[in-house]
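Below is a short briefing on a predicted model. The notes are grouped by topic, starting with how the protein chains meet.

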2 protein chains.
Amino acid sequence: MTPFDHPPVGMNLARTAKVIAQAFDAALVEAGGTLPVWLTLLSIKSRELANQRELAGMIGIQGATLTHHLNAMEAQGLLTRRRDPDNRRVHQVALTEAGEVMFLKLRTAALAFDKRLRAGLSDERLADFAEVLAALRANVEV
Amino acid sequence: MTPFDHPPVGMNLARTAKVIAQAFDAALVEAGGTLPVWLTLLSIKSRELANQRELAGMIGIQGATLTHHLNAMEAQGLLTRRRDPDNRRVHQVALTEAGEVMFLKLRTAALAFDKRLRAGLSDERLADFAEVLAALRANVEV
DNA sequence: ATCGAATCATTCGATATCTAACTGTATGGG
DNA sequence: CCCATACAGTTAGATATCGAATGATTCGAT
């Protein structure tokens with residue numbers, strides 16, 4: 001498949017990330033949510049009253065994409081948006097009761113998936129893995 | 001950002017894969033193509049006359065998605081589709097002259113990007129990295 | 001005090017992807 | 001032989017994402 005001496009790192013990374021993301025999404029659908037819904041809930045919980053720019057940054061998506069998800073989740077009754085009275089440009093996002101419930105359900109699924117993923121891999125091995133990921137990111141920035 | 005003891009592997013993997021894929025796509029756009037175009041060209045070159053099911057499998061996308069890319073690339077004059085006379089269900093895909101030229105240009109960009117990505121990482125380290133990727137994939141299958 | 005620049009969010013239009021349904025073609029068991 | 005089943009590809013409809021343009025608000029420099 002490749003005109004490369006070594007199997008290309010990037011391709012391997014992309015393929016692996018894809019199958020894992022798909023499996024994770026399937027696990028979350030099982031639990032009544034989706035991957036973007038989980039990421040959005042997680043970002044909101046980790047910093048209540050953050051503005052949308054900050055939430056998008058935590059998730060690693062653009063503001064426009066987050067707006068989309070928030071619209072859907074607001075329609076589903078998982079969250080509310082309210083303008084910050086101190087700075088009426090920003091929308092403060094907060095979870096509803098239903099949003100909290102969904103968060104807890106998806107967290108259970110996410111924790112189980114993370115455990116499944118780490119099976120058979122030592123902490124040192126995973127730490128080195130994370131370091132390589134960081135190095136790859138660094139090699140691409142700038 | 002997380003209710004996890006350890007930073008979750010999957011999230012780290014997904015984020016890294018995303019920024020690297022974006023950087024790679026940018027490099028390919030610089031060279032006159034895109035990531036899906038490159039992957040399609042590469043899959044065709046690595047097995048001339050393969051059918052679309054096989055090509056999609058090599059790239060890691062569904063047949064329907066490949067159809068989309070082939071339509072666009074055929075319209076651009078990069079490739080041709082012809083029915084296999086021995087089995088009129090299958091379409092044999094072949095590159096045109098322009099497709100060959102594009103392949104060479106994008107290959108140069110891809111090789112340069114791969115080199116940039118590996119900078120500062122030993123072969124052993126990358127080999128172990130690839131093994132962990134394989135283990136993660138295995139942990140998710142079935 | 002006002003106007004231009006910056007900031008936050010939304011809207012718009014495009015691309016990539018998926019699944020499911022459909023079309024056309026091949027094949028094998030009765 | 002022929003029909004049920006399987007297979008290759010396309011089409012249709014949905015979701016996720018991005019970048020660019022727009023709207024609303026704030027801030028700062030003169």
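The two copies meet through the same surface, because 100% of the interface residues of chain A are also interface residues in chain B. A turn of 180° with a shift of 0.0 Å along the axis lays chain A on chain B with an RMSD of 0.0 Å. That is the relation of a two-fold axis. All of this refers to a predicted model.

**Interface of chain A and chain B**

- Contact involves 54 residues of chain A and 54 residues of chain B.
- The two chains bury about 5000 Å² between them, and carbon and sulfur atoms account for 68% of that area.
- The rule finds four salt bridges across the interface of chain A and chain B.
- In a salt bridge between Glu131(A) and Arg125(B), the closest N and O atoms are 3.0 Å apart.
- Polar contacts across the interface of chain A and chain B amount to 20 residue pairs, both residues being at pLDDT 80 or more.
- On the side of chain A that touches chain B, two or more residues come from each of helix 1, helix 2 (35-46), helix 3, helix 5 (97-118) and helix 6 (123-140).
- Helix 6 of chain A gives the most to that side, with 14 residues.
- The side of chain A that touches chain B consists of 33 nonpolar, ten polar and eleven charged residues.

**Fold of chain A**

- Chain A has six helices and two strands, and from the N terminus on their order is α-α-α-α-β-β-α-α.
- Along the principal axes, the C-alpha atoms of chain A fill a box of roughly 60 × 35 × 30 Å.

**DNA strand C**

- There are 21 residues around DNA strand C, of which Gln52(A), Arg53(A), Arg81(A), Thr65(B) and His69(B) come nearest.
- Sugar or phosphate makes up 74% of the atoms of DNA strand C within 4 Å of the protein, and bases make up the rest.
- Two phosphate contacts come from chain B: a polar side-chain atom of Thr65(B) is 2.7 Å from a phosphate oxygen of DNA strand C, and a polar backbone atom of Arg88(B) is 3.0 Å from a phosphate oxygen of this strand.
- A base contact involves Arg89(A), with a side-chain N or O atom 3.1 Å from a base oxygen of DNA strand C.
- Elements that each supply at least two residues of the surface near DNA strand C include helix 1 (9-30) and helix 3 (52-59) of chain A, and strand 2 (87-95) of chain B.
- Helix 4 of chain B provides the largest share of this surface, four residues.
- The surface near DNA strand C has five nonpolar, ten polar and six charged residues.

**DNA strand D**

- Of the 22 residues around DNA strand D, the nearest are Gln62(A), Thr65(A), His69(A), Gln52(B) and Arg53(B).
- Among the atoms of DNA strand D within 4 Å of the protein, 80% belong to sugar or phosphate, with the rest in bases.
- From chain A, a backbone N or O atom of Gln62(A) is 2.8 Å from a phosphate oxygen of DNA strand D.
- From chain B, a polar side-chain atom of Gln52(B) lies 2.6 Å from a phosphate oxygen of DNA strand D, and a polar backbone atom of Arg53(B) lies 2.8 Å from a phosphate oxygen of this strand.
- With four residues, helix 4 of chain A gives the most to the surface near DNA strand D.
- That surface divides into five nonpolar, eleven polar and six charged residues.

Technical notes: Residues numbered from 1 in each chain as written. Chains lettered and ligands numbered in written order. Predicted model: local features only at pLDDT ≥ 70, side-chain atom pairs only at ≥ 80, totals over all residues. Heavy atoms only, no water. Near = heavy atom within 4 Å. Polar contact = N/O pair within 3.5 Å; in protein donor to acceptor, adjacent residues only side chain to side chain. Nonpolar A, V, L, I, M, F, W, Y, C, P; charged D, E, K, R; others polar. Contact = heavy atoms within 4.5 Å. Buried area = accessible area lost by both parts, 1.4 Å probe. Salt bridge = Lys/Arg side-chain N within 4 Å of Asp/Glu carboxyl O. Least-squares fit on C-alpha atoms with pLDDT ≥ 70 in both.
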